[in-house]
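Grab your viewer and a pencil. Here is a set of exercises on one protein model, each with a solution worked out step by step.

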Amino acid sequence: MKKIFLFLVVFNFTFILKSQECSRIVNFGDSEICLPLISGMKETYTNSIVKNSVNLLKSPDEIILGVYFTNYDYDKINTTYLSEGTTKEFVKIYSVKMMSDFSVDETMLDYFINSIKSTLDSEWSSLKEKSDVFKKASELKIEFGKPIILEDYEINSKIKSLALLTKFSADNEDEILFAIMNLVLIRDKLIWLAYYEPYKNASQIQDAKSKNDYFVLSFFTSNLKDLKKSKTLKRNKNIL
C-alpha cells in the first residue's frame, strides 16, 4: 500500500511538471516568474477592474504578480464583482520591493516564516490533535489585523505554509476567511502565494488545504523549467 501511495504522489508531481503551461510570464527583479494555467481558475490581474480593486488593499511596498479567480467569479467581473466581491476561493501571488533584487536560500526562508509566526496568535498550540484544532476553529477569538494560526506545515523545503483564520470588514459586515499563506522560493526569490476562501465551518479546511497545495505545487513546478526555452517553443508552435 505504501508503495502504491508513493507511486501516485510521484506520478502526480511528474504530471504537473510535464503538463504545466504559463498563463502569463511576469518579471520580478532579474527573474521571470511563470503564472501557471490552473484548471477551474483564471489569472485576472491584467483586468483593469480587478487590478484597481485589488490595488486598493495592497501595502505601499507590495508588488502583485498575479491574482486568480474561479471561473465562476471570473464571469462576474463585469457584472456583480464590484458590489459582491468574490464568492469562492481566490489566490494572490505577490512579493515586496526589497526582495526583487535579493537572493534568498532555504535558511533565510525558515527565518522569514518563523518571524511571521511570532507575530500571529497560536491559541491552538495547547491542543495536541489537529482534528481538535479544526473542530474548535469557530470558537477562536479573531481580532482584526491579527490572524490566528491553525497549522504550519511544508510541502517541501522550498514551500512553507501557514493555515490561518483571519477577519475583515466589508460594507459594515464582518467576515471570516480561511487563508493559507505560502512562502515559496522561486529562482532564489521569496514569493508569497496567498490562498483565500470564505470560512463556513471546520469541515472545509482539509479540502481547502488540498486545493491550496495543488495550486502552490503547480506554481512551484512551473518555475523549475527554462522559461526562455518555453517561450521559444510557444513561438514555434504559433508559426506552425
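What follows is a handful of exercises on this predicted model, going from the overall fold to single residues.

**Exercise 1. Get the overall picture: how many helices and strands does the protein have, and what share of its residues is buried?**

Step 1. Count the elements: the secondary structure comes to eight helices and nine strands.

Step 2. Look at accessibility. The protein has 240 residues, and 42% of them are buried.

Step 3. Check how far contacts reach along the chain. Take contacts between residues at least 6 apart in sequence: 60% of these join residues at least 24 apart.

**Exercise 2. Describe the largest pocket: what is its volume, and which residues line it?**

Step 1. Start with the idea behind the search: rolling a probe the size of a water molecule over the atoms shows where empty space is left.

Step 2. For the largest pocket, the volume comes out at about 1600 Å³. Its lining has 44 residues, and Leu57, Phe90, Phe168, Leu177 and Tyr196 are the closest to the centre.

Step 3. Sort the lining by class. You get 24 nonpolar, nine polar and 11 charged residues.

Step 4. Ask where the lining comes from. Elements that each supply at least two residues include helix H2 (48-55), helix H4 (81-84), strand E4 (62-70) and strand E5 (90-96). Strands E7 (159-170), E8 (173-186) and E9 (189-198) are on that list too. E8 gives the most, with seven residues.

**Exercise 3. Find the largest nonpolar core: how many residues does it have, and which of them make the most contacts inside it?**

Step 1. Keep the general trend in mind: in soluble globular proteins, nonpolar side chains tend to be buried together.

Step 2. The largest core here has 58 residues, and Ile93, Phe178 and Leu183 have the most contacts inside it. Strand E8 is the top contributor to this core, with nine residues.

Step 3. Zoom in on Phe178. Skip residues up to four places away in sequence, and its contacts include Leu150, Ala163, Leu164 and Leu165. Also among them are Tyr195, Tyr196, Glu197, Tyr199 and Ile205.

**Exercise 4. Go through the salt bridges: how many are there in the whole structure, and which parts does the pair of glutamate 43 and arginine 24 tie together?**

Step 1. Recall the principle: side chains of opposite charge can pair when their charged atoms come close.

Step 2. A search of the whole structure turns up 13 salt bridges.

Step 3. Take glutamate 43 with arginine 24, whose closest N and O atoms are 2.8 Å apart. Glutamate 43 sits in strand E3 (residues 41-43) and arginine 24 in strand E1 (residues 22-28), so the pair ties together parts that are 19 residues apart in sequence. Glutamate 43 is buried, at 11% relative accessible area, while arginine 24 is partly exposed, at 24%.

Step 4. Next comes aspartate 73 with lysine 76, a salt bridge at 3.7 Å, N to O. Both aspartate 73 and lysine 76 are buried.

Step 5. Then try glutamate 106 and lysine 158, which meet at 3.3 Å, N to O. Glutamate 106 belongs to helix H5 (residues 106-118) and lysine 158 to the loop between strand E6 (148-156) and E7, so this pair ties together parts 52 residues apart in sequence. Glutamate 106 is partly exposed at 31% relative accessibility, and lysine 158 is partly exposed with a relative accessible area of 31%.

Step 6. Finish with shared partners: Glu89, Glu197, Asp207 and Lys211 are joined by salt bridges into one network.

**Exercise 5. Inspect the loop between E8 and E9: what is the sign of phi at arginine 187, and where does phi of aspartate 188 lie?**

Step 1. Set the baseline: most residues other than glycine have a negative phi.

Step 2. Arginine 187, in the loop between E8 and E9, has a positive phi of about 50 degrees although it is not a glycine.

Step 3. Aspartate 188 is found in the loop between E8 and E9 as well, and its phi is near 65 degrees, a positive value.

Step 4. Add accessibility. Arginine 187 counts as partly exposed at 31%, and aspartate 188 counts as partly exposed at 48%.

**Exercise 6. Place asparagine 55: which residues is it in contact with, leaving aside neighbours within four places in sequence?**

Step 1. Asparagine 55 is found in helix H2 and is partly exposed, with a relative accessible area of 25%.

Step 2. Leaving those neighbours aside, asparagine 55 is in contact with Tyr45 and Ile64.

Step 3. Compare sequence and space for asparagine 55 and tyrosine 45: they are 10 residues apart in sequence, and 9.8 Å apart C-alpha to C-alpha.

Definitions and conventions. Residues are numbered from 1 along each chain as its sequence is written. This is a predicted model: local features need pLDDT of at least 70, side-chain atom pairs count only at pLDDT 80 or more; totals for chains, interfaces and linings use all residues. Side-chain values use heavy atoms; hydrogens and water are left out. On a 1 Å grid over the protein atoms alone, a cavity is a set of points where a 1.4 Å probe fits but cannot get out, and a pocket is an open set with protein on both sides within 12 Å along at least five of seven lines; lining residues have an atom within 4 Å of a point. Grid points are joined across faces, edges and corners, and a volume is the space filled by probe spheres set on the points. Helices (H or I, at least four residues) and strands (E, at least two) are DSSP runs, numbered from the N terminus. Ala, Val, Leu, Ile, Met, Phe, Trp, Tyr, Cys and Pro count as nonpolar, Asp, Glu, Lys and Arg as charged, and the others, Gly among them, as polar. A salt bridge is a side-chain nitrogen of Lys or Arg within 4 Å of a carboxyl oxygen of Asp or Glu. Buried means under 20% relative accessible area, exposed over 50%, partly exposed in between (1.4 Å probe, protein chains only). A nonpolar core is a set of buried Ala, Val, Leu, Ile, Met, Phe, Trp, Tyr and Cys residues joined through side-chain atoms within 4.5 Å. Contact means heavy atoms within 4.5 Å.
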